[in-house]
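Here is a friendly tour of the spaces inside a protein model and of the packed residues around them. Have a look at the structure first, and then we can start with one of its enclosed spaces.

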Amino acid sequence: MNLCDFAPEYIRAIQPYQPGKPISELVRDLGLDESNIIKLASNENPLGTSPLALEAMAHTLNEVARYPDGSGFELKAALAKRYAVSTEQIILGNGSNDVLDLAARVLLKPGASAVYSQYAFAIYPLLVQAIGAHGISVPAKDYGHDLTAMLDAITPETRIIFIASPNNPTGTLSNANDLLHFLEHISRDVLVVLDEAYNEYLPETNQSNSVAWLKQFPNLIITRTFSKAYGLAGVRVGYGLAHPEVANLMNRVRQPFNVCSIGLAGALAAMQDSEFIKRVYALNRAGMLQLKEGLRQLGIKYIPSYGNFICFRIAGDPSNAAKINQSLLQQGIIVRPLGAYELPQHLRVTIGLESENKKFLESLANAIGELA
Ligand SMILES: *Cc1c(COP(=O)(O)O)cnc(C)c1O
């Protein structure tokens, strides 16, 4: 069959995104009992979902014969109020991945380029490549974004620059002063995509006032998601906040019903449940300390993280990290290997419940014992 040969070379060259291993796959592959498996591989919320959101979504089941509100009127109104922006500045997405994709699709084309950091979220290069545009990966500094080098990497063809803060998988944060300085110096002809998927996990002292920057910088878009702290990864709701003209452009290529009715209802209700978000935040802080202390006791180096996950390094040959990963899987623990991120010695673990973190640390100690 030669039909596929007609697909552009840049499409055929795409290496598909590798998601965290689903629990069902481990059950099939290793014959483990599902109830004994702990998945800490996709930065999902160990507390599940806000009860208010669950209730709202259950109600919506009765209405799924109808198309969702394609304008997302209620959710946009709630977001507009929360962030003191106009509804014309909001783009809703089927997860924030969808919003990132829309940004790439409206501004990139073959011949154009996008800049991102080494070790940045793997979706960025994928989106750029899917359009046949040129991706410019800028070497990281201490595993984080080197904003100065990223500015220097911009060419006249560059239309988008992706910044994840905190970044996944490294957990690094770009501080607010540096970001502001960066925005002040970048050409207005380049869209700055500030991906704040983990914003809710930041302590107040580390929160930037990024939404206020929108007034000053028409070339800024902030993306956030209901997948992480809000515990709604399965229903796919994210959003972007941008200048009305940028939002308008993106809304033209958006599929008319890109956010499902269950997702819209869940996100709207989740926004009202500030108690839940407080619990999520507190659990994550405690779990972060627990994991850092556990890793330290095992003599394992990690990258200080501002997210709901932590990236740690297995010393020696990269095959050691693969062996540790395999041993963890056999013990029913799913973490994320980072070979696809040019970090073959590293594994990323999502912060779970206290009991899950404890089991992870015990299993990791076993795995290291097996290695010796
Ligand atoms: C998880 C994540 C997202 C969010 O993806 P959704 O499509 O909203 O589920 C976006 N950016 C980064 C850096 C992430 O880690």
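## The second largest cavity

N45, P46, Y201, V280, L283, N284, N308 and I351 line the second largest cavity. The model you are looking at is a predicted one. This cavity holds about 40 Å³ of space. How many charged residues does its lining have? There are no charged residues in it, while five are nonpolar and three are polar.

## The largest cavity

A search of the whole structure turns up two cavities of 30 Å³ or more. The largest cavity has a volume of about 50 Å³. Its lining includes D69, G70, S71 and G72, and a little further along the chain you can pick out K76 and L92. The remaining lining residues are R254, P256, F257, N258, V259 and L264.

Charged residues do appear here: the lining of the largest cavity has three of them, next to five nonpolar and four polar residues.

## The largest pocket

Now for the open spaces. The largest pocket has a volume of about 680 Å³, and 30 residues line it. To find its centre, look for Q18, A122, G339, A340 and Y341, which lie nearest to that point.

Which elements each supply at least two residues of this lining? They are β3 (113-117), α6 (123-131), α13 (318-330) and β12 (336-337). The largest share, three residues, comes from α6. By class, the lining of the largest pocket divides into 17 nonpolar, nine polar and four charged residues. Domain 1 (20-48 + 275-371) and domain 2 (52-272) each contribute at least three residues to this lining.

## The second largest pocket

The second largest pocket has a volume of about 500 Å³. It is lined by 29 residues, and those nearest its centre are Y17, S42, N97, F121 and K228. Two or more lining residues come from each of α5 (96-107) and α6. Of the elements, α5 gives the most, with three residues.

The lining of this pocket divides into 11 nonpolar, 11 polar and seven charged residues. Where does the second largest pocket lie? Domain 1 (20-48 + 275-371) and domain 2 (52-272) both give residues to its lining, so the pocket lies between them.

## The nonpolar cores

Let us turn from empty space to packed side chains. The largest nonpolar core has 53 residues. Within this core, L75, L79, L220, F226 and L241 have the most contacts. Helix α11 (residues 261-272) provides the largest share of the core, six residues. Both domains take part, as at least three residues of this core come from each of domain 1 (20-48 + 275-371) and domain 2 (52-272).

L220 is a good residue to zoom in on. Leaving aside residues up to four places away in sequence, L220 touches L183, L191, V192, L194, S210, W213, L214, L241, A242 and H243. One of these partners, L241, is also among the residues with the most contacts inside the core.

Apart from the largest core lies another one, of 35 residues. Among its members are L102, Y116, I131 and L338.

Key: Residues numbered from 1 in each chain as written. Predicted model: local features only at pLDDT ≥ 70, side-chain atom pairs only at ≥ 80, totals over all residues. Heavy atoms only, no water. 1 Å grid on protein atoms, 1.4 Å probe; cavity = no way out; pocket = protein on both sides within 12 Å on 5 of 7 lines; lining within 4 Å. Points joined across faces, edges and corners; volume = space filled by probe spheres on them. Helix = DSSP H or I, 4+ residues; strand = E, 2+ residues; numbered from the N terminus. Nonpolar A, V, L, I, M, F, W, Y, C, P; charged D, E, K, R; others polar. Domains from an automatic or database assignment. Core = buried A, V, L, I, M, F, W, Y, C linked by side-chain atoms within 4.5 Å. Buried < 20%, exposed > 50% of the residue type's maximum accessible area, 1.4 Å probe, protein only. Contact = heavy atoms within 4.5 Å.
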